[in-house]
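Student: I'm new to this one. Could you take me through a single part of it up close, the bit around the cysteines?

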Amino acid sequence: MSESKKPYKRVLKIGLALALGALFMWLAFRNVRLQEVWQYAQNIQFGWILPFAVSALLSHVFRAERWRLLIEHDNDELDRVTLISGVLVGYLMNIVGPRLGEVSRPLYVAKKEDLSTSKLMGTIVLERIIDVVVMAFLMLVVSVYVISDPDLLRQIFGDQTISFLTNESSLSTYGWAGLLLIVFAAIGYLGIKFILYLGSKFEVLQKWIDKAKSALIMFKDGLLSAREVERWGLFVVYTACIWFCYTLMTYIPFWMFDLQEVYNLDMLDALVITVISAIGIAIPSPGGIGTYHYFVKQSLLVLYAVPAVTGIAYATVTHASMVIFVASITPVFLFIDKLRSTKAGKSVV
């Protein structure tokens with residue numbers, strides 16, 4: 001694709017993501033009076049914002065430390081502030097547009113620490129795979145041991161979603177999807193072979209091919225960096241700490257709204273809401289806008305009989321708190337990182 005078409009492709013992706021977020025925002029707020037949500041949100045206990053912010057910061061710190069384990073074999077003197085800043089930049093960019101953080105985080109750290117951007121991107125993909133596996137495991141535990149009634153799942157995720165995943169016709173759908181993947185893989189393979197053939201005929205094209213090969217090799221090395229992790233026990237601990245902080249970020253706002261007293265919600269309930277809301281955040285809308293609100297409202301309403309207006313107020317306040325926190329703390333860490341880099345004589349972004 002030519003350079004002139006790339007901006008249009010980005011605009012199209014962002015536009016689709018915004019449309020998806022708007023759709024889920026409408027689903028979340030329909031049948032709910034905004035005036036009631038505003039009045040309810042004004043009466044919450046904002047003193048719990050501080051421990052919420054501490055939990056959020058710790059989640060980023062643990063994520064940065066876990067990421068360090070994947071790349072420390074290339075540089076065992078990685079700056080912790082730089083890694084945390086990179087993680088925060090990634091989260092901030094994800095608010096701007098879906099998946100922008102997966103690119104901005106490795107770009108920032110690669111330039112600061114003189115590492116391969118392609119390899120760092122590979123480690124980001126590996127991180128995402130690990131996160132999806134952990135989320136799927138937790139979702140399985142929640143579905144089997146906590147949400148035992150399939151009708152509840154239908155009410156949370158919708159009849160069409162559950163039916164699609166469970167009915168017999170889905171098998172043929174999966175089969176066709178697998179066949180299409182094979183066809184696309186074959187077309188891609190033939191396309192690569194053709195490009196390599198052209199490279200053997202044109203020297204200028206061969207130079208670009210060599211650069212692409214080098215980048216792909218580094219990306220593959222990043223994706224396979226799990227083989228070089230020496231402290232797997234610590235990696236597992238950091239992963240558990242990340243999800244514990246996420247659960248705290250769900251549990252602490254219970255106290256803002258007195259949900260722990262009125263509806264007897266505890267840490268296990270917070271874990272359930274966290275896992276379900278993580279699915280909403282994983283859907284490619286900017287920063288989980290709309291999708292997070294919808295899944296949180298539905299899970300609180302269906303599982304714990306929390307009124308829709310309360311659920312929407314809860315989701316809106318927690319999501320806004322996270323966005324404001326990331327938007328305010330990221331420039332602070334970038335400023336500190338810049339000062340440290342200047343004093344150390346390192347390159348400054």
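Tutor: Sure, and a word on the record before we zoom in: UniProt positions are given in the numbering used here, feature names are shortened, and annotations may be inferred rather than shown by experiment. What you're looking at is a predicted model, where local features need pLDDT of at least 70, side-chain atom pairs count only at pLDDT 80 or more, and totals for chains, interfaces and linings use all residues. Residues are numbered from 1 along each chain as its sequence is written, and side-chain values use heavy atoms, with hydrogens and water left out.

Now, UniProt's unreviewed entry puts the feature "transmembrane region" at several spans, including 232-256 and 262-283. Take residues 232-256: this stretch is 100% helix and 0% strand, with its end C-alpha atoms 37 Å apart. Helices here are DSSP runs of H or I with at least four residues, while strands are runs of E with at least two, numbered from the N terminus. For residues 262-283 the figures are 77% helix and 0% strand, and the end C-alpha atoms lie 31 Å apart.

Back to the cysteines. The structure has zero disulfides, a disulfide being a pair of cysteine sulfur atoms within 2.5 Å. Cys241 is in none, and its nearest cysteine sulfur belongs to Cys245, 6.6 Å away. Cys241 is partly exposed, at 22% relative accessible area, whereas Cys245 counts as buried at 4%. For those words, buried means under 20% relative accessible area, exposed over 50%, and partly exposed in between (1.4 Å probe, protein chains only).
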